[in-house]
Amino acid sequence: AAVTGGVDGAAQAPPAYVRALFDDYADAFDAHLVGDLGYRGHEAVVAALPAGRQWAAALDLGCGTGLCGPLLRPRVQRLVGVDLSKRMLARARALGVYDRLDGAEIVAWLQACDERFDVVAAADVFIYIGDLAPVFAGVARVLAPGGAFVFSAEQPAPGRAMELHAQLRYAHGEAYLRALAAAAGLEVAAVTSQILRQEQARSVAGLICHLVRP
C-alpha cells in the first residue's frame, strides 16, 4: 500500500503507441523539446552523477535521439542505449557516441540483459510508464555493486503516489520513488526538485533522483 496508494491511470502507455509517437516525432524532437520547451532534464540527470568520476559502462535507458549520450560519453568507457523507436535510435546512432544501440521495450530488455553497468541513466522516460516497480527491479538486476541510477520524474499533485496527467504523461511522487528504491535494494543518495520544461506557459516541476546499489 505504501508503494501503490494514491495511484491513477494504467500501468504504462502501450509500447506500440509510444513507438509510433516517437517514430513520427523523431526528426523534430530535439528542436521542439530543447528549443521550444526549454527542456534541460537530460543535463540535470547526468549532472546528478558524482563530479569527476569515470565509469567502465553506462546504460542510457530510453535513450531517444541520444540527448544524454554526448554528456555521458566523456565519462564512460562503454555506452549502451535502448529505446522503442527505430527512428529515434537512428538519430542517436548518427551521433557516433554509443557503442551499442538496441530497439526494445525497456523492462523486457533489462530482464534479458547479460551485461552489468556502473551507471544507468533515464531522462524523461518514466513519464510514459505508470508502474515503475518492474523497471526498478530490472535496473537493480543490471546495476553493478556501487553503481549509480540517475533519472528524472515529473511530480504529481501533493499526496499522490502516481497519476496520469491530461497530456498523457505519468507523474511519480517522491515517497513512491523512495519506496520502490527500498523494495529494489537501492539506496537514495539524493533527490532534488527541478523545473524540467515549459509547457503552455507554465513550468513543469520534476524530481532528479540519484540512487545507488550498495
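Phe 149 has a relative accessible area of 0% in this predicted model and is therefore buried. This residue belongs to strand S5, which spans residues 143-154. A ring partner of Phe 149 is Phe 126, which is likewise buried, at a relative accessible area of 1%.

A pair of aromatic rings is described by the distance of the centres and the angle of the planes. For Phe 126 and Phe 149 the centres lie 6.3 Å apart and the planes meet at 70 degrees; because planes over 60 degrees apart count as edge-to-face, the pair falls in that class. The pair connects distant parts of the chain, with the two positions 23 residues apart in numbering: Phe 126 sits in the loop between strand S4 (117-122) and helix H7 (133-142), whereas Phe 149 is in S5. Further ring pairs extend the arrangement, so that Phe 126, Phe 136, Phe 149 and Phe 151 form a linked cluster.

Across the whole structure, a search finds 7 aromatic pairs. Another of them joins Trp 109 and Phe 117, whose ring centres are 6.3 Å apart and whose planes stand at 35 degrees, so this pair is tilted. Both members are buried: Trp 109 has a relative accessibility of 8%, and Phe 117 has one of 0%.

The cluster leads to helix H7, where Phe 136 is buried. Other buried residues of H7 are Val 135, Gly 138, Val 139, Ala 140 and Val 142. An α-helix has 3.6 residues a turn, so residues three or four places apart point the same way. The elements that cover the buried residues of H7 include strand S1 (55-61), helix H6 (106-112), S4 and S5. Helix H8 (174-183) and strand S9 (202-212) are also among them.

Of these covering elements, S1 may be followed further. In S1, 6 of the 7 residues are buried, so this strand is largely enclosed by the rest of the structure. S1 runs parallel to strand S2 (residues 76-83), to which 6 bridges join it. Within that pairing, Leu 61 has Val 82 of S2 as its bridge partner. S1 also runs parallel to S4, and 3 bridges join these two strands. Here Asp 60 has Ala 121 of S4 as its bridge partner. S1 is thus bridged both to S2 and to S4, and both S1 and S4 belong to what covers the buried residues of H7.

Key:
Residues are numbered from 1 along each chain as its sequence is written. This is a predicted model: local features need pLDDT of at least 70, side-chain atom pairs count only at pLDDT 80 or more; totals for chains, interfaces and linings use all residues. Side-chain values use heavy atoms; hydrogens and water are left out. Rings of Phe, Tyr and Trp (its six-membered ring) pair if their centres lie within 6.5 Å; planes under 30 degrees apart count as stacked, over 60 as edge-to-face and the rest as tilted. Buried means under 20% relative accessible area, exposed over 50%, partly exposed in between (1.4 Å probe, protein chains only). Helices (H or I, at least four residues) and strands (E, at least two) are DSSP runs, numbered from the N terminus. Contact means heavy atoms within 4.5 Å. Two strands pair if DSSP finds at least two bridges between them.
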